[in-house]
Amino acid sequence: MDEKVEKGSFSQSLSSLLDRVVCRAVHGADFDAVCRLRYDAYRREDSLPEGTPRLFSDRYDLSPNTTSYGVFVDGTLAGSLRVHVFDRDHPESPATTTFPDIILPMMEGGALLVDGTRFVVDAEAARRHPNIAYAVARIAWMAGHHYRADWIVTTCRPEHQAFYRRVFGHEVVTPPRSYPGLTKPQGLLKLDQRRRTQPVHARYPFFASTEAERQGLFGGLGARRTA
């Protein structure tokens, strides 16, 4: 198949999926459903210690600089991502805890960072919608634009790094380290979104978003960086 046709078909497929997707911040019963989804997803990968509660959450869910989002396809929860927005005034995040030697100097230099964590996808949704992971990853991409982040950072297992490097152009910063709440080590990747926006949107147009869409998802929390 011609490469341009293949890319066009893929983009069209993603765009069609996004027409059926609703992303929103989760609270109450929706947040409980996300915590159950986290448990199921991490247990499938054998990444949780024995005895972990089925409603899997951690202290970072209570941080004032974080929000968890659900990705719903036709009204059914299909995936989730937690977004931390952090700087030297609001430094709490799993990345700060795990990679302080990397993250703290970035913040001390005045950088604002976005980190998408607890990236999970429902197993049945993945079978029905093989590209649903792109819709989940899009939340962090939009957050980077909304908050005018200096860096998007990602913590993930080595076998997941290829996705971020291929799709967005992330750079691997450190080898994997022990990570809060999980049994498997996570590595750190970073992305200069300003430099990568044009090539990413050219190759994957569905990652583009409008200001209205970002405001609807993140509200006014990015005012200090969106002005």
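The exercises below work through the sheet, the cavity, the pocket and selected residues of a predicted model.

Residues are numbered from 1 along each chain as its sequence is written, and side-chain values use heavy atoms, with hydrogens and water left out. Because the model is predicted, local features need pLDDT of at least 70 and side-chain atom pairs count only at pLDDT 80 or more, while totals for chains, interfaces and linings use all residues.

**Exercise 1. State the strand order of the open sheet and find which strands stand at its edges.**

Step 1. Elements are DSSP runs numbered from the N terminus: helices are H or I with at least four residues, strands are E with at least two. Two strands pair if DSSP finds at least two bridges between them.

Step 2. The open sheet has 7 strands in the order S1-S2-S3-S4-S5-S7-S6, and its pairing is mixed.

Step 3. Strand S1 (21-25) and strand S6 (171-177) each have a single partner strand, so one side of each is left without a neighbour in the sheet. These two are the edge strands.

Step 4. Direction ignored, neighbouring strands of this sheet are turned by 25 degrees against each other on average. Axes here are lines fitted to C-alpha atoms, for helices over the stretch in contact, and angles run from 0 to 180 degrees between N-to-C directions.

Step 5. Helix H2 (residues 28-44) packs on the sheet and touches S1, strand S2 (66-73), strand S3 (76-86) and S4. Contact means heavy atoms within 4.5 Å. The direction of H2 makes about 75 degrees with that of S4.

**Exercise 2. For the pairs S2 to S3, S3 and S4, S5 and S7, and S6 and S7, give the number of bridges and one facing pair of residues.**

Step 1. Strands of a sheet pair through backbone hydrogen bonds, either parallel or antiparallel.

Step 2. S2 and S3 run antiparallel and are joined by 8 bridges; Thr 67 stands opposite Val 83 in S3. The two strands form a hairpin with 2 residues between them, and Asp 74 in the turn has a positive phi of about 55 degrees.

Step 3. S3 and S4 are antiparallel, over 7 bridges, and Ser 80 has Val 120 in S4 as its bridge partner.

Step 4. S5 pairs with strand S7 (residues 186-191) in the antiparallel sense over 5 bridges. Thr 154 stands opposite Leu 189 in S7, and Ile 152 has Leu 191 in S7 as its bridge partner.

Step 5. S6 and S7 are also antiparallel, over 4 bridges; Arg 177 is bridged to Gln 186 in S7.

Step 6. In S3, 10 of the 11 residues are buried (under 20% relative accessible area; exposed is over 50%, partly exposed in between; 1.4 Å probe, protein chains only). In S7, 5 of the 6 residues are buried, so this strand is largely enclosed by the rest of the structure.

**Exercise 3. Describe the lining of the largest cavity and of the largest pocket.**

Step 1. On a 1 Å grid over the protein atoms alone, a cavity is a set of points where a 1.4 Å probe fits but cannot get out; a pocket is an open set with protein on both sides within 12 Å along at least five of seven lines; lining residues have an atom within 4 Å of a point. Grid points are joined across faces, edges and corners, and a volume is the space filled by probe spheres set on the points.

Step 2. There is 1 cavity of 30 Å³ or more, and the largest cavity has a volume of about 110 Å³. Its lining has 13 residues, with Ala 137, Ala 140, Ile 152, Thr 154 and Tyr 164 nearest the centre.

Step 3. By class, this cavity lining has 10 nonpolar, 3 polar and no charged residues. Ala, Val, Leu, Ile, Met, Phe, Trp, Tyr, Cys and Pro count as nonpolar, Asp, Glu, Lys and Arg as charged, and the others, Gly among them, as polar.

Step 4. The largest pocket holds about 610 Å³. Its lining has 31 residues, and Glu 45, Phe 119, Val 120, His 160 and Tyr 164 are the closest to the centre. S4 gives the most to this lining, with 6 residues. The classes are 17 nonpolar, 7 polar and 7 charged.

**Exercise 4. Is Phe 163 buried or exposed, and which residues does it touch?**

Step 1. Phe 163 lies in helix H7 and counts as buried, at 18% relative accessibility.

Step 2. Not counting residues up to four places away in sequence, Phe 163 touches Tyr 134, Ala 137 and Phe 168.
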